[in-house]
Amino acid sequence: MNRRVVIDTDPGLDDAVAILFALASGRFDVLGLTTVAGNIGLERTSANAGGLLAVMERGDIPVISGAATAMLRDNIDAIVVHGADGLRGITLPPPLAPVQTDAVAWLAETLLAAPSGSIDILALGPLTNIGHLVSAFPEAAGRIGNLIVMGGAIAEPGNSGPASEFNFAADPEAVALVLRSDIRTTIVPLDVTRRLRADRAYIEALRGSKAGDLVADILTAYLVDGKQSRPLHDPCVMLLALAPELFEIEVLRLSVNLGDDPDAGALTQTDTGSPVAVAMRVDAERALALLASGFR
């Protein structure tokens, strides 16, 4: 029986690959896509989420828009990576259904209506929606089975500040709320995601299905030098959910930088930090093979 999941997301090129994998692989029961401003702003991330569902003819899965701004600070974005449309000019069909609103209330209602622990949340963007859930609906948040989060950096340099990763830098206060909560959380930091990159041969081998063709186009747009893609950050969340044996997990005590300096959102290991499961290593070859298998 497939695990029931909600994907909290801000698509985004690598988000799109992760979502398409979840939909095409047949290994997830996706209950909904909740969106957050993240990479390119809430209106565009919500439209892109609906467009990805339309490609896969999944109008039965709702898109529910969530936080347009971070909890306590101004938004940052990643337009320089993803383009103003989030997909570097790749055109998606219009959504099959209108975007719903109030992702936090929808999450709470969905979690409270299901057996405790039966729904996982796969978080691909800033944790603003989840932070609001913890704050406003702690009982519902406590019913999450597993929360798997792409975010943070441990020994790797950051991609937002010297030591801070974009998703966590976008809303450090939300990260701190989530890590201090009792939610069973695993984070997948840059230490792992930078190990997964696609070359041209890998990308072209994905073609041959509706999802595979689109993912190949997306990854081609995601190439850095015409030869190799940027890191496949967000697909790592789906891969860990399916095959945790491909990852080495360590429990680290982590604190979050809540300052206004360039490293806001950075993680540090401290004696007083929250114990968090962190994926620190990955079998990249097997992980890439598993990702490709979802599009065949």
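This report describes the sheet, the cores, the aromatic pairs and the salt bridges of a predicted model.

Residues are numbered from 1 along each chain as its sequence is written, and side-chain values use heavy atoms, with hydrogens and water left out. Because the model is predicted, local features need pLDDT of at least 70 and side-chain atom pairs count only at pLDDT 80 or more, while totals for chains, interfaces and linings use all residues.

**Sheet and helix 12**

Helices (H or I, at least four residues) and strands (E, at least two) are DSSP runs, numbered from the N terminus. Two strands pair if DSSP finds at least two bridges between them. An open sheet of mixed pairing is formed by ten strands, in the order 4-3-2-1-5-6-7-10-8-9. Its edges are strand 4 (100-101) and strand 9 (267-269); each has a single partner strand, so one side of each is left without a neighbour in the sheet. Strand 1 (residues 3-9) and strand 5 (residues 119-123) run parallel and are joined by five bridges. Within strand 5, A123 is the bridge partner of D8.

Helix 12 (residues 235-242) lies across strand 1, strand 2 (28-35), strand 5, strand 6 (144-150), strand 7 (185-188), strand 8 (247-256) and strand 10 (274-282). Its direction is at about 140 degrees to that of strand 6; axes are lines fitted to C-alpha atoms, for helices over the stretch in contact (heavy atoms within 4.5 Å), and angles run from 0 to 180 degrees between N-to-C directions. Seven of the eight residues of helix 12 are buried, where buried means under 20% relative accessible area, exposed over 50%, and partly exposed in between (1.4 Å probe, protein chains only). The buried residues of helix 12 are P235, C236, V237, M238, L239, L240 and L242.

**Nonpolar cores**

A nonpolar core is a set of buried Ala, Val, Leu, Ile, Met, Phe, Trp, Tyr and Cys residues joined through side-chain atoms within 4.5 Å. The largest one has 63 residues, and the members that touch the most others are I7, F28, V30, L219 and M238. Helix 1 gives the most to this core, with nine residues. With neighbours within four places in sequence left aside, V30 is in contact with V5, I7, A22, L23 and I61. Another core, of 37 residues, lies apart from the largest; A114, V256, V276 and V278 are among its members.

**Aromatic pairs**

There are two aromatic pairs in the structure. Rings of Phe, Tyr and Trp (its six-membered ring) pair if their centres lie within 6.5 Å; planes under 30 degrees apart count as stacked, over 60 as edge-to-face and the rest as tilted. The ring centres of F21 and F28 are 6.4 Å apart with the planes at 70 degrees, so this pair is edge-to-face. F21 and F295 also form an edge-to-face pair, at 6.0 Å centre to centre and 70 degrees between the planes. This second pair links distant parts of the chain: F21 belongs to helix 1 (residues 13-24) and F295 to the segment after helix 13 (284-293), 274 residues apart. The relative accessible area of F21 is 1%, that of F28 is 9%, and F295 is buried as well. Ring pairs thus link F21, F28 and F295 into a cluster.

**Salt bridges**

A salt bridge is a side-chain nitrogen of Lys or Arg within 4 Å of a carboxyl oxygen of Asp or Glu. By this rule there are eleven. The table gives three of them.

| Salt bridge | N to O distance |
|---|---|
| R194 and E156 | 3.0 Å |
| R195 and E156 | 2.9 Å |
| R281 and E250 | 2.4 Å |

R194 lies in the loop between helix 9 (190-193) and helix 10 (200-205), and E156 in the loop between strand 6 and helix 7 (166-170), so their salt bridge ties together parts 38 residues apart in sequence. R195 is in the loop between helix 9 and helix 10, and is 39 residues from E156. R194 is buried at 19% relative accessibility, whereas R195 is partly exposed at 43%. R281 in strand 10 and E250 in strand 8 are 31 residues apart in sequence. Both are partly exposed, R281 at 38% and E250 at 29%. Shared partners join E156, R194 and R195 into one salt-bridge network.

**A163**

A163 is placed in the loop between strand 6 and helix 7. Its relative accessible area is 29%, which is partly exposed. Its C-alpha atom is separated by 6.7 Å from that of A153, ten residues apart along the chain. Leaving aside neighbours within four places in sequence, A163 is in contact with A153, G158, D263 and A266.
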